[in-house]
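Q: Please take a close look at one helix in this model and at what surrounds it. I would like the account to go from that helix outward to the rest of the chain.

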Amino acid sequence: MAHPLDLALVANLIGEPTRAGMLSRLLEGPARTAGELAREVGISPQTASGHLARLLEGGLVRVEVQGRHRYYRLAGPDVARALEALSLLTPTRAAPAVRVPSPLRFARTCYDHLAGQLGVDLADALERRGYLEASEETWVLTPTGERFITRLGVEAGPLSRGRRAFARRCLDWSERRAHVGGALGAALAERLFTLRWVARRPEGRGVRLTVEGRRGFEKELGLSWP
């Protein structure tokens, strides 16, 4: 269990409004430069650099250097999951309710796996068909489920041997139901992008359902949307 002082340090890093805004932008997925983050949260580049230095020191973000540019992104799925979980605790009485655009509510990425209505409907269908069995915080892939994802083009073996949780029940902040996170969620999302069942929207972490996806989801899982 983390030491209370360590928790306080992390809470302080996330709780400062400007840094919280920067982390929220990075949660959308694409890496950003310090200048881009500065413009998006309305601060000077120098101030942004100071905040990013603290987030780097605290292990909440990482930086990648490409030529003359430095790109920042979240340090990993654990950070993304923590930020998503904290969004569920936001008191609605303290500020006007945030209106989530319909496309983003329908489908988006939660760091590296699918979320929104599409994500939770996918999880429900996998469980309903007996491909996944739920426990309190995770799913177990059944033998039937393993055959299904293999046919889809996802190999379960390498995923289960990794250090990352295999199939986490990730609570969706807009749907208040679980979508599939962990290594399996990431692999399924990657495969569905490759199959062109879903495609990324030009900006942010929005995802759109394609014609191929409508056919594939209905044929394989009995899922359809208006």
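A: What follows starts with helix H11 and then turns to the core, the confidence values, the cysteines and a hairpin.

The model is predicted, and H11 is where confidence in the chain is highest, with a mean pLDDT of 97. Helix H11 covers residues 211-221, and its buried residues are Gly213, Gly216, Phe217, Glu220 and Leu221. Viewed down the axis of H11, these residues fall within an arc of 95 degrees, so they line one face of the helix. An α-helix has 3.6 residues a turn, so residues three or four places apart point the same way. On the face of H11 turned away from the buried side are the exposed residues Val211, Arg215, Glu218 and Lys219. After H11 comes Gly222, which has a positive phi near 70 degrees.

The cover over the buried residues of H11 includes three helices, H7 (116-128), H8 (143-152) and H10 (182-194). Strands E9 (198-200) and E10 (207-209) are also among the elements that cover them.

Two of the buried residues of H11, Phe217 and Leu221, are also among the residues with the most contacts inside the largest nonpolar core, together with Leu118 and Leu126. That core has 36 residues. At least two of its residues come from each of H7, strand E6 (139-141), H8, helix H9 (156-160), strand E8 (178-180), H10, E10 and H11. The largest share, seven residues, is supplied by H10. In soluble globular proteins, nonpolar side chains tend to be buried together.

Leu126 shows how the core connects to H11. Beyond its neighbours within four places in sequence, Leu126 is in contact with Leu221, and also with Tyr131, Leu132, Phe148, Val180 and Leu188. Another core lies apart from this one; it has 19 residues, among them Leu27, Ala34, Tyr72 and Leu83.

Confidence varies along the chain. The mean pLDDT of the chain is 86, and 89% of its residues reach 70 or more. Whereas H11 has the highest value, helix H5 (residues 77-87) has the lowest, at a mean of 77. Over residues 92-98 the pLDDT is below 50, and beyond near neighbours in sequence this stretch has zero contacts in the model. Where pLDDT is low, the predicted coordinates should not be read in detail.

The cysteines are next. With a disulfide taken as two cysteine sulfur atoms within 2.5 Å, the count is zero. For Cys110, the nearest cysteine sulfur is that of Cys170, 4.0 Å away. Seen from Cys170, the closest cysteine sulfur is that of Cys110, and 4.0 Å is too far for a bond. Cys110 counts as buried because its relative accessibility is 1%. Cys170 is buried as well, with a relative accessible area of 5%.

Elsewhere, strands E1 (residues 61-66) and E2 (residues 69-74) run antiparallel and are joined by six bridges. Val65 stands opposite Arg70 in E2. The two strands form a hairpin with two residues between them, and Gly67 in the turn has a positive phi of about 65 degrees.

Last comes helix H1 (residues 4-15), where Asp6 is placed. Asp6 counts as partly exposed because its relative accessibility is 42%. Asp6 and Gly58 are 52 residues apart in sequence, and their C-alpha atoms are 9.8 Å apart in space.

Technical notes
Residues numbered from 1 in each chain as written. Predicted model: local features only at pLDDT ≥ 70, side-chain atom pairs only at ≥ 80, totals over all residues. Heavy atoms only, no water. Buried < 20%, exposed > 50% of the residue type's maximum accessible area, 1.4 Å probe, protein only. Helix = DSSP H or I, 4+ residues; strand = E, 2+ residues; numbered from the N terminus. Arc of directions from axis to C-beta. Contact = heavy atoms within 4.5 Å. pLDDT = per-residue confidence, 0-100. Core = buried A, V, L, I, M, F, W, Y, C linked by side-chain atoms within 4.5 Å. Pairing = 2+ DSSP bridges.
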